[in-house]
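Dear colleague,

I am passing on the structure we spoke about, together with notes on what came out of it. Please read them with the coordinates open beside you.

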Amino acid sequence: MEQRTPLLTCLQEHDKLHRSSFHTPGHKCSSFLPLELLRLDYTELPDTDALYEAAGAIRKTEEALSHLFHSGRSLISAGGCTLAIQTMLKIASDRGKTILFARNAHRSAVSAAALLGIDPVWLLPTGDNGFTGTIRPEEVEEAFRNYPDASALYITSPSYYGEISDIPVLSDICHQHGALLIVDNAHGSHLAFMKENLHPLHLGADMTACSLHKTLPVLTGGAALQIRSQAHAEGAKEAMALFGSTSPSYPIMCSIDLCVDYLLHQDGISAYQACEKRVESIRQTAVQCGLQLPSGLCDPLRITLNTASVGLTGKQQIAYFESCGIDCEFCDGENAVMICTPFNTEEDFLRLETAVRQMPRKEALLPRKRSFFLPQQRLSLRQAVLSPSVCLPVEQAEGHIAADTACPCPPGVPLIMPGEIISKSVQKELLQAGIRSIRIVRDKAGSTSPDPN
Ligand SMILES: Cc1ncc(COP(=O)(O)O)c(C=O)c1O
């Protein structure tokens with residue numbers, strides 16, 4: 001029989017599984033957010049303020065957010081972290097189009113860079129055991145020597161696997177070169193409320209784009225741009241208006257209001273710190289069970305289990321965790337990633353602990369070898385992304401110019417970016433990573449023959 005509400009039915013069916021949610025959003029579909037929010041789906045009216053000219057209630061929410069995160073200025077977004085990233089890159093690119101870019105950038109940043117005509121100078125993260133790793137300060141120093149006019153360094157921290165970059169050192173280097181440190185902190189809004197404040201803004205970043213909805217109790221789509229100094233906030237609203245919808249969702253924005261109230265006035269911070277302790281105990285159990293975890297400074301609320309270290313492939317992990325009643329944030333070829341918040345119940349944590357203890361153990365899988373090269377660039381990012389394109393099987397893509405990114409996970413670092421040539425070695429790496437098709441630039445005549453140069 002035809003379903004009249006296929007999406008609603010799908011969500012209701014999923015809800016009935018009663019799985020423990022170790023994925024976004026941070027409220028974990030608990031009863032924290034009142035149903036009344038749905039009914040209050042108002043719009044911009046004379047008495048309800050306007051997001052891009054906030055001067056009333058929205059401005060007050062932004063001021064409370066700024067107070068909570070100790071920012072010079074906070075801007076809310078109902079268009080996810082994507083909108084905050086677009087805004088942040090617009091502000092940075094007004095100071096200069098050359099930006100040093102960590103290669104593990106989310107696709108929203110790559111698209112924004114293309115739209116803004118930014119020329120990224122790609123920096124490769126260095127890591128081990130199949131995790132993403134971070135950008136080494138020496139590499140940033142060298143990049144500034146080669147590109148002294150670079151206006152900013154753009155990094156993603158924490159990485160999907162929870163690895164945190166050395167923000168104080170990177171910010172010092174940037175500031176010595178008169179550049180901004182701008183951080184995609186999509187996964188780290190809660191870092192301000194850990195026992196040790198690990199939020200990049202606190203550690204020296206100039207701007208951070210934060211997906212509040214990922215780890216705080218905010219409706220999906222709720223995010224913030226946090227700006228350290230008022231000086232960089234000039235023109236920020238106009239920059240956001242350039243990309244954002246003219247109908248921002250009031251329920252999403254109100255959920256940010258409720259989240260701020262929870263953290264400032266309802267013991268929310270203690271709840272986050274109690275969660276930190278609970279997560280640490282599960283991490284220790286995992287280590288005792290022989291599972292590898294990322295090393296170095298990591299997000300205290302994220303559990304990244306290298307299940308390949310006990311012989312489980314990506315597909316096997318998904319099936320295993322589902323059989324334990326658990327939905328992970330994501331499972332890739334080697335790792336399972338869990339996002340924990342105080343909105344997980346003790347029952348959730350017990351399920352996860354039991355799943356870790358009872359995980360079947362086989363011989364460790366050999367980690368995929370990482371490739372550490374930057375392909376040759378033929379077109380600018382902007383030219384490649386805005387050109388007509390076509391999808392080709394990777395087997396036929398050698399010599400073509402990529403029109404999209406292709407990213408194996410692990411390590412979550414794209415092998416190819418738009419505008420770069422798909423060489424024989426890139427083709428081989430793509431195939432080894434299980435990537436079967438790729439979008440390539442079509443030439444003006446519509447032909448898909450390889451680039452002759
Ligand atoms: C690292 C990173 N940056 C940015 C984004 C975009 O965030 P949003 O979905 O809130 O727009 C994501 C989303 O998954 C992400 O993982």
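**Strands and their pairing**

Leu153 stands opposite Leu181 in strand β6, and this is a convenient place to start in what is, please keep in mind, a predicted model. The two residues belong to a parallel pairing in which β5 (residues 152-156) and β6 are joined over five bridges. Strand β6 itself, which covers residues 180-184, is largely enclosed by the rest of the structure, because five of its five residues are buried. Leu180, Ile182 and Asp184 point one way from β6, while Leu181 and Val183 point the other way, and all of them are buried. In a regular strand, side chains alternate between the two faces of the sheet.

Elsewhere, three strands make up an open sheet in the order β9-β12-β11, with antiparallel pairing. Its edge strands are β9 (302-305) and β11 (330-331), each of which pairs on one side only. Between β11 and β12 (residues 336-339) the antiparallel pairing runs over two bridges, and there Phe330 stands opposite Val337 of β12.

**A buried position in α11**

Ile252 is placed in helix α11, which spans residues 250-265, and it counts as buried because its relative accessibility is 12%, where the cut-off is under 20%. Although Ile252 and Gly222 are 30 residues apart along the chain, their C-alpha atoms are separated by 5.6 Å.

**Salt bridges**

The structure holds 17 salt bridges, of which I describe a few. In helix α1 (residues 6-16), Lys16 and Glu13 lie three residues apart, about one turn of the helix, and they form a salt bridge whose closest N and O atoms are 3.1 Å apart. Lys16 counts as exposed at 55% relative accessibility, whereas Glu13, with a relative accessible area of 42%, is partly exposed.

Helix α2 contains a pair with the three-residue spacing of about one turn, namely Arg39 and Glu36, whose side chains meet in a salt bridge at 3.8 Å, N to O. Here Arg39 counts as exposed at 59% relative accessibility, and Glu36 as partly exposed at 45%.

What do Asp404 and Arg107 tie together? Their side chains meet in a salt bridge of 3.1 Å, N to O. Asp404 lies in the loop between β13 (389-393) and α16 (424-432) and Arg107 in helix α5, so the pair ties together parts that are 297 residues apart in sequence. Asp404 is partly exposed, with a relative accessible area of 22%, and Arg107 likewise counts as partly exposed, at 46% relative accessibility. Finally, Arg19, Glu322 and Asp327 are joined into one network by salt bridges that share partners.

**Surface patches**

Two patches on the surface may be worth your attention as you look around the model. Glu44, Glu53, Glu234 and Glu238 form a negative surface patch. Among them, Glu53 is found in the loop between α2 (36-39) and α3 (57-69), and it counts as exposed at 61% relative accessibility. A nonpolar surface patch is formed by Leu115, Val385 and Leu386, which together have about 240 Å² of accessible area. Of these, Leu115 has its place in helix α5 (residues 107-116) and counts as partly exposed, at 44% relative accessibility.

With best regards

How values were computed
Residues are numbered from 1 along each chain as its sequence is written. This is a predicted model: local features need pLDDT of at least 70, side-chain atom pairs count only at pLDDT 80 or more; totals for chains, interfaces and linings use all residues. Side-chain values use heavy atoms; hydrogens and water are left out. Patches are made of residues with over 30% relative accessible area and no salt bridge: like charges are joined within 9 Å, nonpolar side chains (Val, Leu, Ile, Met, Phe, Trp, Tyr) within 5 Å. Accessible areas come from the Shrake-Rupley method with a 1.4 Å probe; for residues, only the protein chains shown count as cover. A salt bridge is a side-chain nitrogen of Lys or Arg within 4 Å of a carboxyl oxygen of Asp or Glu. Lys and Arg count as positive and Asp and Glu as negative; His and the chain ends are not counted. The place of a charge is taken as NZ of Lys, CZ of Arg, CG of Asp or CD of Glu. Helices (H or I, at least four residues) and strands (E, at least two) are DSSP runs, numbered from the N terminus. Buried means under 20% relative accessible area, exposed over 50%, partly exposed in between (1.4 Å probe, protein chains only). Two strands pair if DSSP finds at least two bridges between them.
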